[in-house]
Amino acid sequence: MRDIAATLRAWMDEGKPFALASVVDIVGASPRPLGTALAVDGDGTAVGGVSGGCVEAAVYGRCQEVLETGTAAVDTYGATEEERFFLGITCDGTMDVLVVRVEPDDPAINATLDAVLAGESASLVRVVEGPDLGAAVAISANGFAGRLELGAIDLPAVSGRVGRFAVEDYSPPPDLYVYGAVDFAAPIVRIARSVGFKVTVCDARPVFATEIRFPDADAIVVDWPHRHFAAAEVDATTAVVVLTHDEKFDLPLLELALVSEAGYVGALGSRATHRDRLERLRAAGLDEQALARLRSPIGLDLNGRTADETALSIVAEIVAVRNDARAGFLTGADGPIHH
């Protein structure tokens, strides 16, 4: 639902009811994760999707039905070979999709959307079995919102099923800190935001760190990179990209980043620059374990030349590391595509 949150908020603010279809359970492979959603308003306008295309028409039809009747439903897709052939399902798995009618004053959905759009944590818990099918409660920093009483239940830290409940976890977007307001940085910001990062651009040079150059950034900071990083919130989901290509900026920053909890640390530069940088970092006291964390030359090998191609390779590597992926060609590879 995160992908369509802004549209759903607009519909609710306009007083529009809509049908919301959400993936609440997956068995086997699926192209989309739990919580992925399709919504349909009274005019028939659809936003989002639940499967990458193969069951969208069937889910759209169910949304129109639920929007009219107000009766929630759960449908399983891909359970039989006949159904898989009819719907064109190619993934080796099944998915359960919950469809509910959402009123503009729905407290659980309102609270969830508020948290998601504010970049805050929230969990949406909904009933997917039983007579109260579709009943929901949202849990956020503001407490509980909704008409569902959970009782004594241990909720998972991630999206999943717990008995007759489906839990959708909405954690804040991970941070990407881009150090160096160079030409590669603008497309990195744009692409990284499209895959769910909150992006901060930092540069000590005020003439380059400007909103005109980086209109898509969530934040632009004029400061020395190491000083900004020392005060920043960093955890295992954080990615750090060093583009300054200037040792007076790079080295103090990398000395901090490589011993931090950041899940990804990469730096722009040639192989010769990388070798020289490693020697300087060793001289500064970093051990081999810390140095091994540095991804440089940065990015996947796309043989790119333009700023956009370079940015794509960098963000692709960040996503691959985050997903613990091999990042090779799928053509000729064995094993599942979605895992």
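## Exercises on helix α10 and its surroundings

Over residues 176-318 the chain is 40% helix and 17% strand, with its end C-alpha atoms 10 Å apart; helices (H or I, at least four residues) and strands (E, at least two) are DSSP runs numbered from the N terminus. The model is predicted, so local features need pLDDT of at least 70 and side-chain atom pairs count only at pLDDT 80 or more, while totals for chains, interfaces and linings use all residues. Residues are numbered from 1 along each chain as its sequence is written, and side-chain values use heavy atoms, leaving out hydrogens and water.

**Exercise 1.** Decide whether Ser296 is buried or exposed.

*Solution.* Begin with the position: Ser296 lies in the loop between β16 (294-295) and α10 (307-322). Buried means under 20% relative accessible area, exposed over 50%, and partly exposed in between, with a 1.4 Å probe and protein chains only. Ser296 has 11% relative accessibility and therefore counts as buried.

**Exercise 2.** Check the span of α10 against its 16 residues.

*Solution.* The expected span is 1.5 Å times one less than the number of residues. For α10 this gives 22 Å, and because its end C-alpha atoms are 23 Å apart, the two values agree.

**Exercise 3.** Classify the crossing of α5 and α10 by its angle.

*Solution.* The axes, which are lines fitted to C-alpha atoms over the stretch in contact, with angles from 0 to 180 degrees between N-to-C directions, come within 8 Å and cross at roughly 45 degrees. Angles under 35 degrees count as roughly parallel, over 145 as roughly antiparallel, 65 to 115 as roughly perpendicular and the rest as oblique; α5 is therefore oblique to α10.
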